[in-house]
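Biologist: I'm new to this one, so could you walk me through it? I'd like to hear how you know each thing you tell me.

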Amino acid sequence: MHSLKNKIVFITGASSGIGASCAVQFARQGAKLLLAARRMERLDAFADGLRKKFSVDIHTIHLDVRKRSEVESTMDTLPSGWKKISVLVNNAGLASGMATIQDGDVDDWEKMIDTNVKGLLYVSRAVIPGMIQRGEGHVINIGSIAGYEFYPKGNVYCATKAAVNALTNTMRLDLNGTPIRVSTIDPGLVETEFSIVRFHGDKERANKTYEGITPLTPDDIADAVLYCATRSPHVNIQQVVLTPTAQASTTIVHRVQTSQK
Ligand SMILES: NC(=O)c1ccc[n+]([C@@H]2O[C@H](COP(=O)([O-])OP(=O)(O)OC[C@H]3O[C@@H](n4cnc5c(N)ncnc54)[C@H](OP(=O)(O)O)[C@@H]3O)[C@@H](O)[C@H]2O)c1
């Protein structure tokens with residue numbers, strides 16, 4: 001197993017869900033954690049808990065990945081001990097709304113494109129040159145099965161994750177000949193705050209997403225991320241696709257009525 005002890009792991013969107021679970025997994029390995037999100041109070045409280053539990057070094061940063069200049073200046077002005085990033089987990093992302101193309105809210109579309117595509121690009125552009133220079137690095141993108149299994153009313157979210165899929169594959173082409181590895185983890189239904197965000201805070205509607213199934217947990221995804229990151233440097237796990245057992249595809253999900261469960 002490739003050791004991550006004292007390696008710097010940078011996770012975007014570490015304040016909840018998959019990003020937070022990844023932070024726990026990497027903390028367990030003794031990695032140094034660079035954690036980013038917008039909700040700083042929450043991120044700092046989470047980081048304090050990790051420091052106490054795992055005695056690891058953590059640096060938290062406020063980062064709205066949609067803001068190009070904020071990403072550039074924050075990454076440029078990282079404290080000297082935090083610049084040599086070994087693993088980048090491009091996790092910050094969201095779905096916003098679920099409507100037909102004819103009824104969709106353009107603000108929702110922009111939010112998804114700016115976060116899932118442009119944000120991932122800004123962060124990657126800031127981090128990858130240093131990895132090349134140091135001859136070490138691993139970019140792990142959190143994609144989705146929605147990037148190639150499209151579903152009704154998923155239009156723009158699916159398109160952004162299709163873009164992530166294309167970017168993962170083209171990053172690997174561009175970085176061929178360097179030691180930098182590029183992986184994507186593509187989950188199906190994971191129970192996080194994802195659906196609450198998608199449905200603009202409507203928890204009842206969000207809960208329906210996971211009704212009658214045992215969804216994946218953020219820890220299931222973090223397991224896969226860690227697996228990729230801990231292979232020997234000559235092994236690149238290109239893609240991991242995970243779904244709940246009850247989910248055959250984005251549109252085929254076997255749900256058991258609560259009374260039958
Ligand atoms: N849950 C699923 O079923 C599922 C399935 C496939 C793929 N995914 C992908 O998994 C990733 C993580 O989602 P999740 O399920 O863990 O949802 P989540 O619990 O809502 O977490 C999303 C994280 O992204 C951060 N974030 C959102 N917008 C951001 C921005 N503009 N700048 C910086 N950080 C931002 C949030 O932090 P702040 O709000 O504090 O900034 C939060 O930490 C996303 O890329 C999502 O598309 C999720």
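Modeller: Let's start with the second largest cavity, keeping in mind that this is a predicted model. Its lining is made up of Asn90, Asn91, Ala92, Asn116, Leu120, Ile142, Lys161 and Val164.

Biologist: What makes those residues lining residues of the second largest cavity?

Modeller: Lining residues need an atom within 4 Å of a grid point of the space. Asn90, Lys161 and Val164 are among the residues that line this cavity. α4 and α5 each give at least two residues to that lining.

Biologist: Why is this called a cavity and not a pocket?

Modeller: Because a 1.4 Å probe fits inside a cavity but cannot get out, whereas a pocket is open. The second largest cavity holds about 30 Å³ of space. The search of the whole structure took cavities of 30 Å³ or more, and two turned up.

Biologist: How do you know what kind of lining the second largest cavity has?

Modeller: Sort its residues by class and you get four nonpolar, three polar and one charged. Lys counts as charged, and Lys161 is in that lining.

Biologist: And the largest cavity, what is its volume?

Modeller: About 40 Å³. Thr12, Val65, Asn90, Asn91, Ala92, Thr115, Gly119, Leu120 and Val123 line the largest cavity. α4 provides the largest share of that lining, four residues.

Biologist: How many charged residues does the lining of the largest cavity have?

Modeller: None: the split is four nonpolar and five polar. Gly counts as polar, so Gly119, which is part of the lining, goes with the polar group.

Biologist: Now the open spaces. What can you say about the second largest pocket?

Modeller: Its volume is about 280 Å³, and 14 residues line it. Met75, Asp76, Arg125, Ala126 and Val127 lie nearest the centre of the pocket. α3 (68–76) and α4 (106–134) each supply at least two lining residues, with α4 giving the largest share, seven. By class, the pocket lining has seven nonpolar, one polar and six charged residues.

Biologist: There's a ligand too. Which residues come nearest to the ligand?

Modeller: Ser15, Ser16, Arg38, Tyr157 and Thr192, out of 29 residues around the ligand. That shell divides into twelve nonpolar, eleven polar and six charged residues. α1 (17–28) and α5 (155–174) each supply at least two of the shell residues.

Biologist: Why is the pair between lysine 161 and the ligand called a polar contact?

Modeller: The cut-off for a pair of N or O atoms is 3.5 Å. A polar side-chain atom of lysine 161 is 3.0 Å from an oxygen atom of the ligand, so the pair counts as a polar contact. Glycine 13 has a backbone N or O atom 3.0 Å from a ligand oxygen. For glycine 188, a backbone N or O atom lies 3.4 Å from an oxygen of the ligand, so that pair is also within the cut-off.

Biologist: How much of the ligand does the protein bury?

Modeller: Taken alone, the ligand exposes 880 Å², and the protein buries 96% of that.

Biologist: Finally, the whole chain. How many helices and strands does the protein chain have?

Modeller: Eight helices and seven strands.

Biologist: And what makes the protein chain as compact as a globular protein of its length?

Modeller: Its radius of gyration is 18 Å, and the globule rule gives 18 Å for 261 residues. The two are close, so the chain is as compact as a globular protein of that length. Along its principal axes, the C-alpha trace spans about 55 × 35 × 35 Å.

Technical notes. Residues numbered from 1 in each chain as written. Predicted model: local features only at pLDDT ≥ 70, side-chain atom pairs only at ≥ 80, totals over all residues. Heavy atoms only, no water. 1 Å grid on protein atoms, 1.4 Å probe; cavity = no way out; pocket = protein on both sides within 12 Å on 5 of 7 lines; lining within 4 Å. Points joined across faces, edges and corners; volume = space filled by probe spheres on them. Near = heavy atom within 4 Å. Polar contact = N/O pair within 3.5 Å; in protein donor to acceptor, adjacent residues only side chain to side chain. Areas by Shrake-Rupley, 256 points an atom, 1.4 Å probe, with all protein chains shown as cover. Rg over C-alpha atoms; globule rule 2.2 N^0.38 Å.
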